[in-house]
Amino acid sequence: MNADDQKRAAGEAAAAFVEAGMTVGLGTGSTAAWFVKALAARKLDIVAVSTSLATAELAASLGIRLKELGEAKAIDLTVDGADEIGPALSLIKGGGAALLREKLVWEASKRCVVIADAAKRVPVLGKFPLPIEVVAFGHETTMLRICDALTECDLGVAPRLRMKDGAPVRTDGGNVIYDAACGRIEEPALLAAVLKSVTGVVDHGLFLDLADLALVGTADGVVSVE
Ligand code: 5RP
């Protein structure tokens, strides 16, 4: 199985966890898209909350009924992808620039299942550059404060502003993203707290103590990791 087959298998396995009557959080990215397609194919009576405009568009096109997070208030199950899955289901997310809405939906969920291909599992987080979502106003100045925060965590890296077609990428909320190529994040909880204390940082892609289960597509089929 190639990576896309593994993503598809994980997405389809996760769709089997959904029951009629549930409110379901829909993640963002190519793996989450497989979940959304498999979920739509089951034609269950559910309502969904999307973590991005892109996923909302896909879900609506497949006939999935959507609600805003504020309307739904609580979510039974959220299924989403990840950029890295580390020890104790610690995650890096945000490669698709949806990390803020993803975290809002995850935190409102009773259960969160992360789906991924096998290459996403790592012994220590940090090879994938950590996305940090920053308010656009004065973001260059905020970046200097982020550098101080990273130095405090013994991570002497300069975050890079994420660009596309010659312009900074804007998130669904209108913010910008900096990616910090940390290498190895030895103390993710400390880094998470320090980054959140910087004014102008809206959130970061460290998802700690949020995932209940990972379904990982491998060459030998889908493996559950708790
Ligand atoms: C989007 C995310 C995605 O879940 C993450 O980037 C994984 O994407 P893919 O399933 O395409 O590999 O966090 O913000």
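**Exercise 1. Find the residues that Asp76 touches outside its own stretch of sequence.**

Solution. Step 1: skip residues up to four places away in sequence; Asp76 then touches Met22, Thr23, Val24, Lys110 and Arg111. Contact here means C-beta atoms, placed from the backbone, within 7 Å. Step 2: place the residue. Asp76 lies in strand 3, residues 75-80. Strands (E, at least two residues) and helices (H or I, at least four) are DSSP runs, numbered from the N terminus. Step 3: check a distance. Asp76 and Cys112 are 36 residues apart in sequence, and their C-alpha atoms are 8.7 Å apart in space.

The model is predicted; local features need pLDDT of at least 70, side-chain atom pairs count only at pLDDT 80 or more, and totals for chains, interfaces and linings use all residues. Residues are numbered from 1 along each chain as its sequence is written.

**Exercise 2. State how confident the predictor is.**

Solution. Step 1: take pLDDT, the predictor's confidence in each residue, from 0 to 100. The chain mean is 97, and 100% of its residues reach 70 or more. Step 2: add the model scores, ipTM 0.98 and pTM 0.96.

**Exercise 3. Decide whether Asp76 is buried, exposed or partly exposed.**

Solution. Step 1: recall the cut-offs. Buried takes 20 or more other C-beta atoms within 10 Å of the residue's own, exposed 12 or fewer, partly exposed in between; C-beta atoms are placed from the backbone. Step 2: count. Asp76 has 18 C-beta neighbours inside 10 Å, so Asp76 is partly exposed.

**Exercise 4. Test the length of helix 1 (residues 3-15).**

Solution. Step 1: the expected span is 1.5 Å times one less than the number of residues. Step 2: helix 1 has 13 residues, so it should span 18 Å. Step 3: its end C-alpha atoms are 19 Å apart, which agrees. Step 4: look at the packing. The buried residues of helix 1, among them Ala9, Ala10 and Ala14, pack against helix 2, strand 3, strand 6 (109-117), strand 14 (213-218) and strand 15 (221-225).

**Exercise 5. Describe the largest nonpolar core.**

Solution. Step 1: a nonpolar core is a set of buried Ala, Val, Leu, Ile, Met, Phe, Trp, Tyr and Cys residues joined through C-beta atoms within 7 Å. Step 2: the largest has 63 residues; Ala14, Phe35, Val114, Ile115 and Ile132 have the most contacts inside it. Step 3: helix 2 supplies the largest share of this core, seven residues. Step 4: follow one member. Beyond four places in sequence, Val114 contacts Asp80, Ala82, Ile85, Leu89, Leu91, Ala211 and Ala214.

Terms used: Two residues are in contact if their C-beta atoms, placed from the backbone, lie within 7 Å.
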